[in-house]
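Below are some notes on the fold, written as numbered points and meant to be read with the coordinates open.

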Amino acid sequence: MIKIQSEAYNRSVRLSSLCVGDTFLLEGNVCMIASRNGHPFVLDLSTGEDYPQVNPTNNPRPVVPIDCELSYKVGD
């Protein structure tokens, strides 16, 4: 299970200004710029799905950068 807690919103920035590893809100979803074979893509952290229709390179779309912390627990 993934828990997502919101604390505060930052100002929006251009999607193209973010780097691999940066986390942000896109359409209310917690996302990250990831890289596959040297090519950046947008990854939805709550579902593990990527957004192939959203190219993070040269994209003026406004997104809200966030600080995101992922934790996990093995077994009970």
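1. In this predicted model, the five strands form an open sheet with the order β1-β5-β2-β3-β4, and the pairing is antiparallel. The edges are taken by β1 (13–14) and β4, each of which has a single partner strand, so that one side of each is left without a neighbour in the sheet. As background, strands of a sheet pair through backbone hydrogen bonds, in either a parallel or an antiparallel manner.

2. The order in the sheet may be read against the order along the chain, where the elements run β-β-β-β-β from the N terminus on. The chain has five strands and zero helices.

3. At the β1 edge, the partner is strand β5 (residues 62–66), and two bridges join this antiparallel pair. One residue pair to look for here is arginine 14 with its bridge partner in β5, proline 62.

4. Strand β2 (residues 23–26) runs antiparallel to strand β3 (residues 29–36), with four bridges between them. Threonine 23 has methionine 32 of β3 as its bridge partner. The two strands make a hairpin with two residues between them, and in that turn glutamate 27 adopts a positive phi of about 55°.

5. On the β4 side, β3 pairs with strand β4 (residues 39–44) over six bridges, again in the antiparallel sense. Alanine 34 is matched with phenylalanine 41, its bridge partner in β4. This hairpin, too, has two residues between its strands, and asparagine 37 there has a positive phi near 55°.

6. Which ring does the charged end of arginine 36 sit over? The ring belongs to phenylalanine 41, and the charged end lies 4.1 Å from its centre. Phenylalanine 41 therefore deserves a look from two directions, because a charge is counted as sitting over a ring when CZ of Arg is within 6 Å of the ring centre and within 35 degrees of the ring normal, while the backbone of the residue is involved in the bridge to alanine 34. As for pairs between aromatic rings, the count comes to zero.

7. For the chain as a whole, 28% of the 76 residues count as buried. The exposed area is about 5900 Å², and carbon and sulfur atoms supply 48% of that area. Where contacts between residues at least 6 apart in sequence are concerned, 45% join residues that are at least 24 apart.

Methods
Residues numbered from 1 in each chain as written. Predicted model: local features only at pLDDT ≥ 70, side-chain atom pairs only at ≥ 80, totals over all residues. Heavy atoms only, no water. Buried < 20%, exposed > 50% of the residue type's maximum accessible area, 1.4 Å probe, protein only. Contact = heavy atoms within 4.5 Å. Areas by Shrake-Rupley, 256 points an atom, 1.4 Å probe, with all protein chains shown as cover. Phe/Tyr/Trp six-rings, centres within 6.5 Å; stacked < 30°, edge-to-face > 60°. Pairing = 2+ DSSP bridges.
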